[in-house]
Amino acid sequence: MTRQNISSGAVWEDTIGYSRAVRVGSVVEVAGTTAMEGDQVLGIGDAYEQTRFILQKIEKALQEAGATMQQVVRTRIYVTDISQWEAVGRAHGEFFGDIKPASTMVQVSALIKPEQLVEIEATAIIEADENLINPNAIPYDEV
């Protein structure tokens with residue numbers, strides 16, 4: 001299978017050895033993304049603004065990999081203050097309200113810079129094999 005690494009151009013990608021996103025076949029994984037632009041943290045003190053900026057960065061990485069936000073099936077949200085869950089969730093909902101990927105939000109003790117309040121990862125699937133869907137499965141909301 002072909003592998004496509006997507007770079008954001010951040011200097012630490014080579015230092016640490018990671019890519020902003022990686023596409024292998026129909027799967028795109030977007031690395032943990034924070035509200036950094038160059039060496040500046042944006043939206044200091046504002047979890048909502050940081051989340052919006054992060055999701056815009058994720059959208060750009062997905063586009064470079066040939067995917068869209070509509071193809072995101074999973075997000076993982078790391079916050080340094082879980083009491084900010086509503087602000088983070090509101091921004092997430094603005095991008096994913098109709099898409100509704102599986103999502104997890106957890107509090108972590110710290111991110112790399114103290115001003116960073118949120119870090120988000122995403123997984124997208126560009127093409128799904130419709131034959132894998134079980135038509136006899138019970139819908140989740142009926143379980």
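This tour goes from helix H3 to its salt bridges and ends at a surface patch. The model is predicted.

**Stop 1: helix H3**

Select residues 85-96. This is helix H3, with 12 residues. Its first C-alpha and its last are 15 Å apart, close to the 16 Å expected at 1.5 Å a residue.

Now show side chains. Which residues of H3 are buried? Pick Ala87, Val88, Ala91, His92, Phe95 and Phe96. They cover an arc of only 155 degrees around the axis, which puts them on the same side of H3. The spacing has a simple background: an α-helix has 3.6 residues a turn, so residues three or four places apart point the same way.

**Stop 2: the cover over H3**

Keep the buried residues of H3 on screen and add what covers them. The cover includes one helix, H2 (47-64). It also includes the strands S6 (72-79), S7 (102-107) and S8 (118-125). Colour each element separately, as H2, S6 and S8 come back below.

**Stop 3: Glu94 to Arg52**

How many salt bridges are there? The count comes to two. Side chains of opposite charge can pair when their charged atoms come close.

Stay on H3 and select Glu94, then add Arg52. Their side chains form a salt bridge, 2.9 Å from N to O. Glu94 belongs to helix H3 and Arg52 to helix H2, so the pair ties together parts that are 42 residues apart in sequence. H2 is thus met twice: in this bridge, and as part of the cover over the buried residues of H3.

Switch on a surface. Glu94 is partly exposed, at 43% relative accessibility. Arg52 is partly exposed as well, at 24%.

**Stop 4: Arg76 to Glu121**

Move to the strands. Select Arg76 and Glu121. Here the side chains meet in a salt bridge of 3.8 Å, N to O. Which parts of the chain does the pair link? Arg76 sits in strand S6 and Glu121 in strand S8, 45 residues apart. Both strands are also among the elements that cover the buried residues of H3.

Check the surface again. Arg76 has a relative accessible area of 25% and is partly exposed. Glu121, at 24% relative accessibility, counts as partly exposed too.

**Stop 5: a nonpolar patch**

Finish at helix H1, residues 12-16. Select Val11, Trp12 and Ile16. Together they make a nonpolar surface patch of about 310 Å².

Centre on Trp12, which lies in H1. Is Trp12 buried, partly exposed or exposed? Its relative accessibility is 31%, so Trp12 counts as partly exposed.

Terms used:
Residues are numbered from 1 along each chain as its sequence is written. This is a predicted model: local features need pLDDT of at least 70, side-chain atom pairs count only at pLDDT 80 or more; totals for chains, interfaces and linings use all residues. Side-chain values use heavy atoms; hydrogens and water are left out. Patches are made of residues with over 30% relative accessible area and no salt bridge: like charges are joined within 9 Å, nonpolar side chains (Val, Leu, Ile, Met, Phe, Trp, Tyr) within 5 Å. Accessible areas come from the Shrake-Rupley method with a 1.4 Å probe; for residues, only the protein chains shown count as cover. A salt bridge is a side-chain nitrogen of Lys or Arg within 4 Å of a carboxyl oxygen of Asp or Glu. Helices (H or I, at least four residues) and strands (E, at least two) are DSSP runs, numbered from the N terminus. Buried means under 20% relative accessible area, exposed over 50%, partly exposed in between (1.4 Å probe, protein chains only). The expected span of a helix is 1.5 Å times one less than its number of residues. The arc is that of the directions from the helix axis to the C-beta atoms. Contact means heavy atoms within 4.5 Å.
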